[in-house]
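Reader: I am new to reading protein structures, and I would like some help with this one. Could we go through it step by step?

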Amino acid sequence: MQKVKKAIIPAAGLGTRFLPATKAMPKEMLPIIDKPTIQYIVEEAVESGIEDIIIVTGKGKRAIEDHFDHAFELESNLEMKGKLKLLEEVQRTSRVDIHYIRQKEPKGLGHAVWCARRFIGQEPFAVLLGDDIVRAEKPCLKQMIDQYEAAGGAILGVQPVPEAETGRYGIVAPTTQDGRLYGVGSLVEKPPAGQAPSNLAILGRYILPPEIFDILDSQEEGSGGEIQLTDAIARLAREQAVYAYNFQGTRYDVGEKLGFILTTLDFAVKNPELRASTLKAMQELLIREGMAPEMFLKDLRVRETGDLAARHTG
């Protein structure tokens with residue numbers, strides 16, 4: 001069995017949910033504290049053993065390439081001023097072997113993956129979506145690679161979501177279960193609440209065989225008038241084994257405004273330098289809004305998990 005050594009990171013979206021901020025800045029470069037969202041994704045891939053990454057970009061995404069390139073003037077300035085810790089952080093992003101290709105038309109995720117077919121060749125590969133950041137003791141993608149090596153076949157990263165939210169995701173219809181690993185019979189792209197085959201949502205991590213490119217070659221437009229990767233995987237599941245793995249860790253949705261804000265707050269609270277001041281500021285904000293902190297926490301505890309940016313499974 002071939003090892004998974006290549007990964008695709010689609011980053012060609014227009015970022016319309018974050019306009020006007022994304023008019024001139026790629027959505028993937030919006031920072032969580034002091035690090036662009038796409039850097040979290042790249043670091044997960046590298047920590048999982050990926051050796052080659054291809055980022056599929058679009059018009060106006062040059063800042064992504066600049067971020068992962070050397071910045072000689074900046075690095076020289078930091079070294080001269082003795083800011084060696086900061087220099088190390090800056091240089092980390094230029095040590096990764098990253099390639100780029102442009103998706104010339106916004107035809108959807110399936111088309112973005114198809115654009116990287118010549119880079120991948122005849123190897124299994126990973127896909128990591130930038131809207132999903134995962135914090136876990138073992139990187140999410142590494143968990144999935146381990147499952148791939150044990151089971152073979154495509155692996156989809158999933159976690160349970162509330163029934164009311166199934167219309168936001170691709171949902172798997174499981175046929176078997178072995179612990180956290182499910183056999184997949186079919187997939188449905190964004191089924192309305194009450195019509196989903198399960199509550200297991202595909203959350204931005206995939207390991208796919210090269211045969212998916214042949215399917216994408218002839219894939220018709222699906223939901224939203226785009227070429228959907230989920231539809232292509234559903235066809236793949238009729239030809240070979242496809243599995244879904246309920247990965248361990250906390251998943252953050254940074255693809256919409258509320259999730260982005262809550263992710264930033266959660267990361268700030270977990271940052272030793274920012275924790276105390278962030279909690280103090282949050283408390284003061286609640287008081288200023290006329291809501292006692294203890295009332296807020298009581299209200300928060302009774303909310304459905306789906307209202308939060310972070311979802312955790314043990």
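Author: Happy to! One cut-off helps at the start: angles under 35 degrees count as roughly parallel, over 145 as roughly antiparallel, 65 to 115 as roughly perpendicular and the rest as oblique. Please keep in mind that this is a predicted model.

Reader: Which word describes how α10 and α11 lie to each other?

Author: Helix α10 covers residues 257–269 and helix α11 covers residues 275–288. They pack at an angle of about 130°, with their axes 7 Å apart. That angle falls outside the named ranges, and therefore α10 and α11 are oblique to each other.

Reader: How many residues of the contact of α10 with α11 are nonpolar, and how many are polar or charged?

Author: From α10 come Leu265, Ala268 and Val269, while α11 brings Arg275, Thr278, Leu279 and Met282. Sorted by type, this contact holds five nonpolar, one polar and one charged.

Reader: Which residue just after α11 takes a positive phi?

Author: Let us follow the helix to its end. With 14 residues, α11 reaches 20 Å from its first C-alpha to its last, close to the 20 Å expected at 1.5 Å a residue. Just after α11, a positive phi of about 80° belongs to Gly290.

Reader: How many residues apart in sequence are the parts that the pair of Phe18 and Phe260 ties together?

Author: A search of the whole structure finds four aromatic pairs. Phe18 and Phe260 form an edge-to-face one, with 5.6 Å centre to centre and 70° between the planes. Phe18 lies in the loop between β1 and β2 and Phe260 in helix α10, so the parts tied together are 242 residues apart in sequence.

Reader: Are Phe18 and Phe260 buried or exposed?

Author: The cut-off to know is that buried means under 20% relative accessible area. Phe18 meets it, and so does Phe260, which makes both of these residues buried.

Reader: What kind of aromatic pair do Phe125 and Phe213 form?

Author: Phe125 lies in strand β6 and Phe213 in helix α8, so their pair ties together parts that are 88 residues apart in sequence. Both Phe125 and Phe213 are buried. Their rings sit 5.1 Å centre to centre with 10° between the planes, and planes under 30 degrees apart give the name of this pair: stacked.

Reader: Is Thr57 buried or exposed?

Author: Thr57 lies in strand β4, residues 52–57. Leaving aside residues up to four places away in sequence, Thr57 touches Ala11, Ala12, Tyr100, Ile101, Arg102 and Gln103. Its relative accessible area is 4%, so Thr57 is buried.

Reader: What separation do the C-alpha atoms of Pro160 and Leu200 have?

Author: Pro160 is found in strand β8, residues 154–160. At 34% relative accessibility, Pro160 counts as partly exposed. Pro160 and Leu200 are 40 residues apart along the chain, yet their C-alpha atoms are separated by 4.5 Å.

Reader: Which elements do the buried residues of α7 pack against?

Author: Helix α7 has 12 residues, from 140 to 151, and reaches 17 Å from its first C-alpha to its last. Its buried residues include Cys140, Leu141, Gln143, Met144, Ile145 and Tyr148. The elements that the buried residues of α7 pack against are α1, β6, β7, β8, β11 and β12.

Reader: Which residue takes a positive phi just after α7?

Author: Here we look at the place where this helix has ended. The value there is about 75°, and the residue just after α7 that takes this positive phi is Gly152.

Note on methods
Residues numbered from 1 in each chain as written. Predicted model: local features only at pLDDT ≥ 70, side-chain atom pairs only at ≥ 80, totals over all residues. Heavy atoms only, no water. Axes fitted to C-alpha atoms, helices over the stretch in contact; angles between N-to-C directions. Helix = DSSP H or I, 4+ residues; strand = E, 2+ residues; numbered from the N terminus. Contact = heavy atoms within 4.5 Å. Nonpolar A, V, L, I, M, F, W, Y, C, P; charged D, E, K, R; others polar. Expected span 1.5 Å × (residues − 1). Phe/Tyr/Trp six-rings, centres within 6.5 Å; stacked < 30°, edge-to-face > 60°. Buried < 20%, exposed > 50% of the residue type's maximum accessible area, 1.4 Å probe, protein only.
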